[in-house]
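I opened this entry to keep a record of what I looked up, helix by helix and then residue by residue.

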Amino acid sequence: MTQAVSTSITRRSVVAGLTLTAASVVVLTGTNSVQANQSTPEKSLYERLGGVFAIAAVVDHFSDALVKNPVVGQDSKNPQLRDWHTKSLGRLPGLKFMRTLWVCDVSGGPLKFTATKPGATPLGLEEAHRDLRISPEEFDEVAAELTRSLNFFKIPQGEKDEVLAAFAAHKDEVTAGSRR
């Protein structure tokens with residue numbers, strides 16, 4: 001009799017175990033098929049650019065190139081830009097840092113930009129650039145230099161377009177000082 005009870009429990013355990021296993025497989029299969037149909041969220045521009053270190057490398061290259069750019073750098077016809085790129089280069093490391101934070105913020109990264117001279121919006125740039133009296137044509141040359149830096153680092157076209165669009169969105173703010 002002991003063996004019959006033991007066999008009966010064993011059969012019940014096996015049947016119960018198989019039932020639970022089958023139910024688990026159905027649930028897991030159902031869950032997996034639902035997950036397979038859901039697309040993974042697209043990475044942010046920040047992630048696609050490679051994060052803070054990659055962004056900082058582009059900003060470093062870009063910032064150094066601006067100093068030497070004949071239109072907006074040390075030989076600029078704009079006296080404010082020429083003076084900044086000859087007399088204020090001690091501030092360039094801090095500016096590179098602020099530019100890196102700005103790109104990280106505007107590209108959806110975890111780092112947040114806070115303007116030293118706040119503009120009309122959290123990412124506003126008008127007050128920081130007002131005294132430089134940057135013309136729309138000079139802004140376009142800065143954008144061209146940014147394009148060259150993005151090309152230097154072989155940034156894919158889609159990401160490059162997004163960075164340039166974010167930059168261009170602030171053209172009116174940056175050139176506000178030229179209309180004084």
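The notes below cover some helices, their packing, and two single residues, all taken from a predicted model.

**Helix α3**

I began with the length of α3, which runs over residues 51-68. At 1.5 Å a residue, its 18 residues should span 26 Å, and I found the end C-alpha atoms 27 Å apart, which agrees. I then looked up which of its residues are buried, and listed G51, I55, V58, V59, F62, S63, A65, L66 and V67. In general, an α-helix has 3.6 residues a turn, so residues three or four places apart point the same way. For the partners of the buried residues of α3, I noted α2 (45-49), α4 (79-87), α5 (92-106) and α7 (136-152).

**α3 against α5**

Taking one of these partners further, I found that α3 and α5 pack at an angle of about 130° with their axes 9 Å apart. The two helices are therefore oblique to each other, and the crossing in which α3 passes α5 is right-handed. On the α3 side the contact is made by V52, I55, A56, V59, D60, F62, S63, D64, L66 and V67, while α5 contributes L92, K96, R99, T100, V103 and C104.

**α7 against α8**

I next turned to α7 and α8, the latter being residues 157-168, and found that their axes come within 11 Å and cross at roughly 155°. Because the cut-off for roughly antiparallel is over 145 degrees, α7 counts as roughly antiparallel to α8. I recorded this crossing, too, as right-handed. From α7, the residues F139, V142, A143, L146, T147, L150 and N151 meet K160, V163, L164, F167 and A168 of α8.

**T175**

Is T175 buried or exposed? I located T175 in the segment after α9 (171-174), and since its relative accessibility is 1%, it counts as buried. Leaving aside residues up to four places away in sequence, T175 touches I134, S135, P136 and F139; of these, F139 appeared above among the α7 residues that meet α8. I also noted a polar contact of 3.1 Å that joins the side chains of T175 and R179.

**A128**

My last look-up was A128, which is found in α6 (residues 126-129). With a relative accessibility of 39%, A128 counts as partly exposed, because that class lies between 20% and 50%. I closed with the distance from A128 to E173: the two are 45 residues apart in sequence, and their C-alpha atoms are 9.4 Å apart in space.

Terms used. Residues numbered from 1 in each chain as written. Predicted model: local features only at pLDDT ≥ 70, side-chain atom pairs only at ≥ 80, totals over all residues. Heavy atoms only, no water. Helix = DSSP H or I, 4+ residues; strand = E, 2+ residues; numbered from the N terminus. Expected span 1.5 Å × (residues − 1). Buried < 20%, exposed > 50% of the residue type's maximum accessible area, 1.4 Å probe, protein only. Contact = heavy atoms within 4.5 Å. Polar contact = N/O pair within 3.5 Å; in protein donor to acceptor, adjacent residues only side chain to side chain. Axes fitted to C-alpha atoms, helices over the stretch in contact; angles between N-to-C directions. Parallel < 35°, antiparallel > 145°, perpendicular 65-115°, else oblique. Left-handed = near helix turned anticlockwise from the far one by under 90°.
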